[in-house]
Amino acid sequence: MSDAKPLVLVVEDDSQMRKFVRIALESHDYRVVEASSGDEAVRQASAYAPDAVLLDLGLPDMDGLAVAKRLREWSAVPILVISARGQEDMKVQALDGGADDYLTKPFGAAELMARLRVALRHAARSREAPSALVRIGDDVELDLVKRQVRVRGAEVHLTPIEYKLLTELAKHAGMVMTHRHLLEQVWGPGHAHQMQYLRVYMTQLRHKLEQTPARPRYLVTEPGIGYRLKVEG
């Protein structure tokens, strides 16, 4: 992303919702380009190379999931789904299909801006040389070179699976990772439905990293969807 104001492509067929989103974005110093259909969205993304895409699923000519799939064929642009479809399976489909985050309508401007900032930060980090030291809030550090984790200055031993799970979440800090994605990346493609593995290891990680495991500050559950590593500061 250059020094220019970030450009956001808003894909939404409802003119009132487009207006709401445009006003919110422009009031926070974003530039905006709009599309009211899936075909127009693909053309606008190709023509303008936006820094992020806000994508509605209920478009008149094609489903938003198909738009995300087409964009992912040639672009790594952050895609935030904004949709009235709040069912968990729909969120999972969108995230597994290439979206980076999912907001259910109605939502407030503050939540939209916060999610957009996270997506843009993640995209910027992915273009940079990877950092050897990942700070998770003010009391957890992940050293990728030494393969060490420290909590409030003290080294904490993680099993190989726990470490792999934490590093996968850290690579996508702030973003929702679906159960399927984590299971395939950590255990392998043949374990995509072994939910109990993930629950057990996430519980173990929370007990090792969180001050209050029952009310996690960093390893946050997205009910029915997956997990998010919440990196503060």
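Colleague: Before we start, what does contact mean here?

Modeller: Happy to set that out, and please keep in mind that this is a predicted model. Two residues are in contact when they have heavy atoms within 4.5 Å.

Colleague: Which residues is H179 in contact with, leaving aside its neighbours within four places in sequence?

Modeller: H179 is found in helix 7, which covers residues 179-186. With neighbours within four places left aside, its contacts are M195, L198, G224, I225, G226 and Y227.

Colleague: Is H179 buried or exposed?

Modeller: The cut-off for buried is under 20% relative accessible area. H179 has 15% relative accessibility, so this histidine counts as buried.

Colleague: Let's step back to the whole protein. How many helices and strands does the protein have, and how does its radius of gyration sit against the globule rule?

Modeller: There are 8 helices and 12 strands. The globule rule gives 17 Å for 233 residues, and the protein is close to that, so it is as compact as a globular protein of that length, with a radius of gyration of 18 Å.

Colleague: What does the C-alpha trace span along its principal axes?

Modeller: Here is the overall frame. Of the 233 residues, 48% count as buried. Along the principal axes, the C-alpha trace spans about 50 × 40 × 30 Å.

Colleague: What share of the contacts with a separation of 6 or more comes from residues 24 or more positions apart?

Modeller: This one concerns contacts between residues that are far along the chain from each other. Among contacts with a separation of 6 or more, pairs 24 or more positions apart account for 56%.

Colleague: How far apart are the mean positions of the positive and negative charges?

Modeller: The protein has 32 positive and 32 negative charges. The mean positions of these two sets are separated by 4 Å.

Colleague: Which residues have the most contacts inside the largest nonpolar core, and which helix gives the most to it?

Modeller: In soluble globular proteins, nonpolar side chains tend to be buried together. Here the largest nonpolar core has 47 residues, and those with the most contacts inside it are L25, L54 and L169. The element that gives the most to this core, with 6 residues, is helix 5 (residues 109-127).

Colleague: What is L54 in contact with, and how many residues are in the other core?

Modeller: Leaving aside neighbours within four places, L54 is in contact with V8, L9, V10, V11, V21, L25, L80, I82 and L112. Another core lies apart from the largest one; L7, V11, I79 and A99 are among its members, and its size is 23 residues.

Colleague: Where does A52 lie, and what does A52 touch?

Modeller: A52 lies in strand 3, residues 52-55. At 0% relative accessibility, A52 counts as buried. Not counting residues up to four places away, A52 touches L7, V8, L9, V77, P78, L116 and L120.

Colleague: Which residues are joined by a cis peptide bond?

Modeller: Most peptide bonds are trans. In the loop between strand 5 (101-104) and helix 5 lies P106. Omega is about 0 degrees at the cis bond, which joins K105 and P106.

Colleague: What is the phi of D29, and what is the phi of A49?

Modeller: Most residues other than glycine have a negative phi. D29, in the loop between helix 1 (15-27) and strand 2 (31-35), is partly exposed with a relative accessible area of 47%, while A49, in the loop between helix 2 (38-48) and strand 3, is exposed at 56%. Both have a positive phi: for D29 about 70 degrees, and for A49 about 45 degrees.

Colleague: How far is the C-alpha atom of L209 from that of V21?

Modeller: L209 lies in helix 8, residues 195-209, and counts as buried at 3% relative accessibility. Its contacts beyond four places in sequence are V140, V149, V151, R152, L166 and L219. L209 and V21 are 188 residues apart along the chain, and their C-alpha atoms are separated by 37 Å.

Colleague: One last residue: is E222 buried or exposed, and what does E222 touch?

Modeller: E222 is found in strand 11, residues 219-222. Its relative accessibility is 18%, under the 20% cut-off, so E222 counts as buried. Not counting residues up to four places away in sequence, E222 touches V176, Y227 and R228.

Note on methods:
Residues are numbered from 1 along each chain as its sequence is written. This is a predicted model: local features need pLDDT of at least 70, side-chain atom pairs count only at pLDDT 80 or more; totals for chains, interfaces and linings use all residues. Side-chain values use heavy atoms; hydrogens and water are left out. Helices (H or I, at least four residues) and strands (E, at least two) are DSSP runs, numbered from the N terminus. The radius of gyration is taken over C-alpha atoms; the globule rule is 2.2 Å times the number of residues to the power 0.38. Buried means under 20% relative accessible area, exposed over 50%, partly exposed in between (1.4 Å probe, protein chains only). Lys and Arg count as positive and Asp and Glu as negative; His and the chain ends are not counted. The place of a charge is taken as NZ of Lys, CZ of Arg, CG of Asp or CD of Glu. A nonpolar core is a set of buried Ala, Val, Leu, Ile, Met, Phe, Trp, Tyr and Cys residues joined through side-chain atoms within 4.5 Å.
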